[in-house]
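Grab a pencil and keep the viewer open. Let's work through a few short exercises together.

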Amino acid sequence: MNKPANDIAFRQYISAINDLWQSQSAKDTDTAHRVSELMSEWLRSTTPDTAWVRNLKAEKSSGFPLYTHPDHGFIQMNHYHAGYRTNTPHDHGPYWVVYGVYEGEVEIPVYAYDATSNTLRVDRIDRLKGGDAVAYLPGDIHSTRVPTPEPALVLRFLSTDLSQVPRRRFKPEQISEDPVSSPERT
């Protein structure tokens with residue numbers, strides 16, 4: 001997969017993240033929110049003829065890193081989500097992640113966990129469309145789904161390499177049909 005080395009908007013996005021990154025940024029919620037703002041700016045400034053967009057649409061890859069910082073360890077991932085794709089609820093342990101959408105639509109349910117009954121209830125649903133980005137903080141249990149037949153181009157910024165982190169994953173049968181009464185966030 002071609003890296004976005006010649007993409008000026010991407011280079012500016014990564015440079016801005018490098019400028020704000022500190023030793024504890026991988027667990028810092030303020031950094032997470034700032035990265036989500038930067039991602040949204042980047043997505044809105046990226047044109048459809050940008051190489052990574054063209055390649056992602058052509059290859060329909062389930063995910064590949066666009067960039068991994070050699071010292072800080074954060075990773076910018078790129079994903080093609082087919083229509084009606086869904087994944088199971090999970091968290092990112094003590095780290096945060098930012099989900100953004102370049103094209104299409106993604107719903108991200110965020111769950112409240114009841115340890116007594118070992119069940120999840122939907123607390124809110126974030127609906128992301130092109131240019132939207134939202135931070136999910138340490139311990140946030142969430143899943144993603146594409147609610148339409150059209151695919152979505154999804155970006156995921158990982159504050160650390162999650163393959164090395166213990167995380168919780170939940171089964172669909174653990175989701176209670178009794179949602180928490182809270183407004184949906186868009």
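**Exercise 1: strand S4 and its partners**

Find the residue in S5 that Pro109 stands opposite.

Solution. Pro109 faces Ile125 in S5. Before going on, note that this is a predicted model, where local features need pLDDT of at least 70, side-chain atom pairs count only at pLDDT 80 or more, and totals for chains, interfaces and linings use all residues. Residues are numbered from 1 along each chain as its sequence is written, and side-chain values use heavy atoms, with hydrogens and water left out.

Step 1: S4 pairs with strand S5 (residues 119-129) in the antiparallel sense, over 10 bridges. Strands are DSSP runs of E, at least two residues, numbered from the N terminus, and two of them pair if DSSP finds at least two bridges between them.

Step 2: look at the turn. Four residues sit between the strands of this hairpin, and Asn118 has a positive phi near 55°.

Step 3: check the other neighbour. S4 also runs antiparallel to strand S7 (residues 141-142), joined by two bridges; in S7, His142 is the bridge partner of Val110.

**Exercise 2: buried or exposed?**

Work out why strand S4 is largely enclosed by the rest of the structure.

Solution. Count the buried residues (under 20% relative accessible area, 1.4 Å probe, protein chains only). Seven of the 10 residues of S4 (residues 105-114) are buried, so the rest of the structure largely encloses this strand.

Conventions. Buried < 20%, exposed > 50% of the residue type's maximum accessible area, 1.4 Å probe, protein only.
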